[in-house]
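Here are some questions that a newcomer might bring to the structure below, each followed by a short, reasoned reply.

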Amino acid sequence: MNDAVAPALRARIETAVDFDAIVIGAGVSGLYQLYRLREIGMTTRVFEAGSGVGGTWYWNRYPGARFDSESWSYGFSFSQELLDEWDWEEHFAGQPETERYLNHVADKFDLRRDIQFDTRVVAAHYQEDSHSWNVTLDDGSHCVSRFLITAVGVLSAPVMPRVPGIESFKGQSCHTHDWPREPVSFEGKRIAVIGTGATGIQTITEVAKTAGSLTVFQRTPQWSAPLHNSKVTAEEMSEIRKNYTEIFARCQETVGCFIHTPDPRSVFEVTEAEREAFWDKLYGEPGFGIWMGNFRDVLTDLEANRLMSEFLARKIRERVEDPVVAEKLIPVTYGFGTRRVPMESGYFEVYNQPNVTLVDLNDTPIECITPDGIRTSDAEHDFDMIIYATGFDAITGAFDRIDIRGVGGVSLKDKWAETPVTFLGILVDGFPNFLMVMGPHAGLGNFPRAVEYTSDWVTDLIRHGRERGMTRLDATKAAAKAWTDHVIEVNDGLLFTEVDSWMTGVNHNVEGRHIRRVVRYSGGHPAFRRRCEEVTAGGYQEVSMD
Ligand code: NA7
């Protein structure tokens, strides 16, 4: 510890804590962060609200929940043994397979003994006199740690629609995030789904297979494209295993850590026939290639984007038999890829089934939920079950739901009321010893790839401080301002910034969240890592330590 710290204070600091670190969340990031902290000899306790590991993959057990990233590019890369022994069953694994995988990881590395399940962190207050965090749990108990690390995910604070009467409904209802653990049968039942985001699209496609009737309540249609999932054969798995090094290296080079790289050509450099052939090829290939591997200007040039959107509109018209329904399923308020592209497996054909009805909420908005179902401006719809696929208070929502206070009792929610301020999406000035794995201003994309890097960086920073006897790490105000300015600057010129969605921090169901904010880093993961490495190489000058 720094010699400037007086002996009495030093004694108080050293004896103050129950744990070296508390991690909030036992999903992909929490599990890996725990593993890394153990390696550097830190006593760690993970608090997890769920009864099992997995985070997103623990909670979202709605029918049809699955990856849109290739499974074998999503798994952890840090353990050769794990890579050698785990066989992926599907190229885009469903929730049960992913949950099994994360349980396997927890067991293999004996992680459970440091995880306290069924425990929600409700408050965390920084204590200046002992360089520690006083953490309050939902049973009213407290514990104290030197470091507080959030691994709360980016889409973990589910939001219900702001419509009256939700509690009055007599049938079964739930948000997709809070799906029951017991199997739910739709056989012969009248089912409603509200919401047509990535979750709604997966749910609708699955529920339509067995429901007596399914009514979809859509506010905004989606530029959804085919996933083309399939089983991984034994030969494919052995090929994937041989190529893991190359697969992960490719992910490191791309903006979103996916295996797909943008085509270097502009839409306008090719003939119309070449363009159509390329788009048909992408439409026929698995995964996010159509979003991440498209012409380089599809997400930056309005005209290029309009042409791509027209291509997809034609596909929807070809696939949906009723031309009136087809038009309702074609987005008109935004272009392709400017919201997160939901991948689908027969979604549009669902609307050709006699048991499925589409209600366009722009024509007939929901007035309220009734004891028997949903009342729109023109009809009463009776249901046995209502499924709310209405999304999340994304990125900052999970933070806002915890009373986090830094130096001087400043609340994080207040500090971020207008927009988040962070250093590298990892530190927040005025919140010492508080570190975020995938907080606001982190780059989104293929989540575990970013998590492994960020957790490694967090672990290295803590180790650096500990080796020098430091007990307090805080980003400087100037560093947080510079990073935040940079995050805002690189957002400029990207078409998605002009569109309301969770990626621009908008959620009309959440008080104060109707204005767009810059909540994620759009500069790409390679640039993010370069900046992180500069900070490390410079001896963490942007982080004050004592
Ligand atoms: P999203 O993508 O935020 O979608 C939520 C959906 O719910 C979207 O269609 C919303 O319509 C709709 N919604 C929200 N509130 C209402 C009300 N009040 N009435 C009607 N419809 C409503 O969340 P998802 O869970 O699908 O996906 C989140 C991410 O998880 C996804 O992108 C993947 O990365 C994984 P809107 O578009 O706001 O008009």
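Q: Which residues of α17 are met by Val28, Ser29, Tyr32, Gln33, Arg36 and Leu37 in α2?
A: In this predicted model, the contact joins two helices, α2 (residues 28-39) and α17 (residues 447-467). The residues in contact divide into eight nonpolar, four polar and three charged. On the α17 side, those that meet the six named residues of α2 are Phe447, Pro448, Val451, Glu452, Ser455, Asp456, Val458, Thr459 and Ile462.

Q: At roughly what angle do the axes of helix α2 and helix α17 cross?
A: Two packed helices are described by the angle between their axes and the distance between the axes. Here α2 passes α17 in a right-handed crossing. The axes of α2 and α17 come within 9 Å, and the angle at which they cross is roughly 35°.

Q: Which strands are the edge strands of the open sheet with the order β7-β16-β8-β9-β12?
A: This open sheet has five strands with parallel pairing, and its twist averages 15° from one strand to the next. An edge strand pairs on one side only, and this holds for β7 (172-175) and β12 (356-360).

Q: Which residue in β16 stands opposite Gln172?
A: Strands of a sheet pair through backbone hydrogen bonds, either parallel or antiparallel. For β7 and β16 (residues 385-388), the pairing is in the parallel sense and runs over four bridges. Within β16, the residue opposite Gln172 is Met385.

Q: Why does Cys251 form no bond with the closest cysteine sulfur?
A: The structure holds zero disulfides, and Cys251 is buried, with a relative accessible area of 0%. A disulfide would need the two sulfur atoms within 2.5 Å. The closest cysteine sulfur to that of Cys251 is in Cys257, and it is too far for a bond because the distance is 6.8 Å.

Q: Is Cys174 buried or exposed?
A: A residue counts as buried when its relative accessible area is under 20%. The relative accessibility of Cys174 is 12%, so this cysteine counts as buried.

Q: What is the phi of His441, near which value?
A: Most residues other than glycine have a negative phi. His441 lies in the loop between β18 (434-436) and α17, and it counts as buried at 0% relative accessibility. Its phi is positive although the residue is not glycine, with a value near 75°.

Q: Where is Tyr540 found?
A: Tyr540 is another residue other than glycine with a positive phi, near 55°. At 4% relative accessibility, Tyr540 counts as buried. Its place is the loop between α19 (525-537) and β20 (543-545).

Conventions:
Residues numbered from 1 in each chain as written. Predicted model: local features only at pLDDT ≥ 70, side-chain atom pairs only at ≥ 80, totals over all residues. Heavy atoms only, no water. Axes fitted to C-alpha atoms, helices over the stretch in contact; angles between N-to-C directions. Left-handed = near helix turned anticlockwise from the far one by under 90°. Contact = heavy atoms within 4.5 Å. Nonpolar A, V, L, I, M, F, W, Y, C, P; charged D, E, K, R; others polar. Buried < 20%, exposed > 50% of the residue type's maximum accessible area, 1.4 Å probe, protein only. Pairing = 2+ DSSP bridges.
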